[in-house]
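User: I am new to this structure and would like a close look at one helix in it. Please then set that helix in the context of the rest of the chain.

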Amino acid sequence: MGRQAEAQNILAQLLQARETRYVSAPLIAAVSVALGDKEGAFRELERAYAEHSGVLQWIAFLPEFRALRSDARFPNLLHRIGASQNSTLAITETTLTEIKDSNAQTHLSLKIGVKPRPGTPNGHVVKIIVSFYDLTKDNKMKPTDARVGYDWLTPTNDWADATPKFLLATYVREKTQRPSTDERRYGGFVVRVYFDGQLQDSRANPPDLLTLFPAQN
């Protein structure tokens, strides 16, 4: 309604409040749409997707998001939302922990929980892809060159058991590693879960990585 300054003020307040408490990402996305900031809106919608926000199931009908419908990313997001609601596997946890390590510049562990839907049969191919990324000195994200590793914390052969299965991924940038010319540091992660080659669920931190590095078909 032409009240752009007021909308900018609301957005600033929401972003500030997010630093100390939970603020709905779809709400911030709606304000971003009102300001004509499509990139900001999709960034927040991806965050909402990563957080499994229940509001997303309604965005196709909400007038606040009408301006996004002509963007190819919108139907793609709707497809992913619909797929996640009927998925066989769901990510239940992505907990990142910093490990004290005198031999490393950065040592992180990422605990990933994946829960099968009740009644899931065995004999299918389950794939969990964990990707770490680095932030360069010019603030660009790149696939990491640090040492990474993966270990199952629970048995993985019985997906018919509907309890979560846990995988531990590690990121280690050792002090002895040759310094990179672009001064890399830890930037984030993406976790994607597949069942018989079909993407079931995904999480990322920061959420922008889901669109910056899309899933490969």
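Analyst:
**Helix α2 and its surroundings**

Helix α2, residues 25-34, is largely enclosed by the rest of the structure, because 8 of its 10 residues are buried. The model is a predicted one. Buried here means a relative accessible area under 20%. The residues of α2 that meet this cut-off are A25, P26, I28, A29, A30, V31, S32 and V33. An α-helix has 3.6 residues a turn, so residues three or four places apart point the same way.

What do the buried residues of α2 pack against? Their partners are two other helices, α1 (4-18) and α3 (38-50). Just after α2 comes G36, which takes a positive phi of about 80°.

The rest of the chain gives the setting. Its secondary structure comes to 5 helices and 8 strands. Read from the N terminus, the order of elements is α-α-α-α-β-β-β-β-β-β-β-β-α. Four helices therefore precede the run of strands, and a helix follows that run. Strands of a sheet pair through backbone hydrogen bonds, either parallel or antiparallel.

One open sheet has 4 strands in the order β1-β2-β6-β5, and their pairing is antiparallel. At its edges are β1 (89-98) and β5 (147-152), each of which pairs on one side only. Neighbouring strands in this sheet are turned by 20° against each other on average, direction ignored. Within the sheet, β1 is joined to β2 (residues 104-116) by 9 bridges, and the two strands run antiparallel. Across this pair, I91 stands opposite V114 in β2.

Another open sheet of 4 strands has the order β4-β3-β7-β8, again with antiparallel pairing. Its edges are β4 (141-143) and β8 (198-205); each has a single partner strand, so one side of each is left without a neighbour in the sheet. The average turn between neighbouring strands in this sheet is 25°, direction ignored. For β8, the joining strand is β7 (residues 185-195), with 7 bridges between the two and an antiparallel run. V191 has R203, in β8, as its bridge partner.

Strand β8 also holds Q200. Is Q200 buried or exposed? Q200 has a relative accessible area of 10%, so it counts as buried. Between Q200 and A7 there are 36 Å in space, C-alpha to C-alpha, and the two are 193 residues apart in sequence.

Some totals complete the picture. Of the 217 residues in the chain, 40% are buried. Among contacts in the chain with a separation of 6 or more, 62% come from residues 24 or more positions apart. The C-alpha atoms fill a box of roughly 55 × 50 × 30 Å, taken along the principal axes. About 12400 Å² of the chain is exposed, and carbon and sulfur atoms supply 52% of that area. As for charge, there are 27 positive and 24 negative side chains, and the centres of the two sets lie 2 Å apart.

To return to the helix, α2 has 8 of its 10 residues buried, and these buried residues pack against α1 and α3.

Terms used. Residues are numbered from 1 along each chain as its sequence is written. This is a predicted model: local features need pLDDT of at least 70, side-chain atom pairs count only at pLDDT 80 or more; totals for chains, interfaces and linings use all residues. Side-chain values use heavy atoms; hydrogens and water are left out. Two strands pair if DSSP finds at least two bridges between them. Axes are lines fitted to C-alpha atoms, for helices over the stretch in contact, and angles run from 0 to 180 degrees between N-to-C directions. Buried means under 20% relative accessible area, exposed over 50%, partly exposed in between (1.4 Å probe, protein chains only). Contact means heavy atoms within 4.5 Å. Accessible areas come from the Shrake-Rupley method with a 1.4 Å probe; for residues, only the protein chains shown count as cover. Lys and Arg count as positive and Asp and Glu as negative; His and the chain ends are not counted. The place of a charge is taken as NZ of Lys, CZ of Arg, CG of Asp or CD of Glu.
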